[in-house]
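Below are some notes on the model, set out as numbered points. Please read them with the sequence and coordinates open.

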Amino acid sequence: IKRTAEVGRERERLRAILDAAGDGMVFTNLTGEIEYINPAMERLTGYTIQEAFGRNPRVWQGGQTPRATYEQMWTAITSGETWRGEMINRRRDGTLYDASLTVAPLHNAERGIVGYVGALRDITRQKELDRLKDQFVSNVSHELRTPLTSIMLYVDLLNRGKPEKREHYLTTLQREAERLNKMIEDLLDISRLDRRATPIELAPLDLNE
């Protein structure tokens, strides 16, 4: 009786931890049928535990993850290994989201696999930030390359061009150097703002101008 009470308390403690977890948690049996999802998974997928119970997690598939990803996952977990990866899932309302998933086998006392547990996290915002960062770096690289190319061209013209055009070459070099310096200062301003090293001062602005 005492041992049964201890097991009951442990189960309730585990349930409380899972219910409070920020990541979505799902438990399945050996055939992949869902036996439990926590409240975070309910919010993430749009399915209640009653609606998800007995169904296969493929109900969340978004149709955009390569089949090889699922095959690699099942090969790993059925071999007793933990699998980590990313996939695109679909909520009940049809919206897609990027998910980071960790799946591990559950073992009994004899180390036999009795089911699987998965932890799911929505990383859509992180993926979008990564995409914007890559786009920003690409744009900055292009913008910096333009004045740098002009500077290299006019340095070459200073050495091999007509002497009477040296003043024009120097004027162009100065203009492009100032343009490059302005871009670098703008990038440093962005960096300082990102580190909150520079306060943002708001002021009225004439949009017509």
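**Notes on the predicted model**

1. Helix α4 has 12 residues, which at 1.5 Å a residue should span 16 Å; the C-alpha atoms at its two ends lie 17 Å apart, in agreement with that figure. The model is a predicted one, and the points below should be read accordingly.

2. Which residues of α4 are buried? They are T69, Y70, M73, A76 and I77. Viewed down the helix axis, these buried residues fall within an arc of 130 degrees, so they line one face of α4. An α-helix has 3.6 residues a turn, so positions three or four places apart point the same way. R67 and T75, on the other side of α4, are exposed.

3. The buried residues of α4 have β3, β4 and β5 as their packing partners. After the helix comes G80, with a positive phi near 90 degrees.

4. The largest nonpolar core has 20 residues. Those touching the most other members are I37, M41, W60, W83, L101, V103 and L120. Two or more residues come from each of β2 (34–37), α2 (39–45), α4 (67–78), β3 (83–90), β4 (96–107) and β5 (113–122).

5. W83 deserves a separate look. Leaving out residues up to four places away in sequence, W83 touches T69, Q72, M73, A76, I77, L101, T102 and V103. Among these contacts, T69, M73, A76 and I77 are also buried residues of α4. L101 and V103, also touched by W83, are among the core residues with the most contacts to other members.

6. How many aromatic pairs does the model contain? The count is three. One of them joins W74 and Y116: the ring centres are 5.6 Å apart and the planes stand at 85 degrees, over the 60 degrees required, so the pair is edge-to-face. The pair connects distant parts of the chain, with W74 in helix α4 and Y116 in strand β5, 42 residues apart. W74 is partly exposed, at a relative accessible area of 32%, whereas Y116 is buried, at 5%.

7. A charge-over-ring arrangement is found at Y47: the charged end of R92 sits over the ring, 5.8 Å from the ring centre.

8. R111 may be worth checking. Its phi is positive, about 70 degrees, although R111 is not a glycine. R111 is placed in the loop between β4 and β5 and counts as exposed, because its relative accessibility of 60% is over the 50% cut-off.

9. V114 is in strand β5. Is V114 buried, partly exposed or exposed? At 43% relative accessibility, V114 counts as partly exposed. Apart from neighbours within four places in sequence, V114 is in contact with N29, L30, L106, H107 and N108. The C-alpha atom of V114 is 69 Å from that of N208, a residue 94 places away along the chain.

10. Helix α6 (residues 166–194) has 29 residues. From first to last C-alpha, α6 reaches 42 Å, close to the 42 Å expected at 1.5 Å a residue. R196, which follows α6, has a positive phi near 60 degrees.

11. The buried residues of α6 are Y169, T172, L173, E176, L180 and M183. What do they pack against? Their partner is α5 (124–160).

12. The list of buried residues in α6 includes a charged-type side chain to examine, E176. E176 has a relative accessible area of 7%, under the 20% cut-off, and is therefore buried. Setting aside neighbours within four places in sequence, E176 is in contact with P147, S150 and I151.

13. Y154 lies in helix α5. At 18% relative accessibility, Y154 counts as buried, because the cut-off for that class is under 20%. Beyond residues up to four places away in sequence, Y154 touches H168, Y169, T172 and L173. Of these, Y169, T172 and L173 also appear among the buried residues of α6. The C-alpha atoms of Y154 and A40 are separated by 61 Å, with the two positions 114 residues apart along the chain.

Note on methods: Residues are numbered from 1 along each chain as its sequence is written. This is a predicted model: local features need pLDDT of at least 70, side-chain atom pairs count only at pLDDT 80 or more; totals for chains, interfaces and linings use all residues. Side-chain values use heavy atoms; hydrogens and water are left out. A nonpolar core is a set of buried Ala, Val, Leu, Ile, Met, Phe, Trp, Tyr and Cys residues joined through side-chain atoms within 4.5 Å. Buried means under 20% relative accessible area, exposed over 50%, partly exposed in between (1.4 Å probe, protein chains only). Helices (H or I, at least four residues) and strands (E, at least two) are DSSP runs, numbered from the N terminus. Contact means heavy atoms within 4.5 Å. The expected span of a helix is 1.5 Å times one less than its number of residues. The arc is that of the directions from the helix axis to the C-beta atoms. Rings of Phe, Tyr and Trp (its six-membered ring) pair if their centres lie within 6.5 Å; planes under 30 degrees apart count as stacked, over 60 as edge-to-face and the rest as tilted. A charge sits over a ring if NZ of Lys or CZ of Arg is within 6 Å of the ring centre and within 35 degrees of the ring normal.
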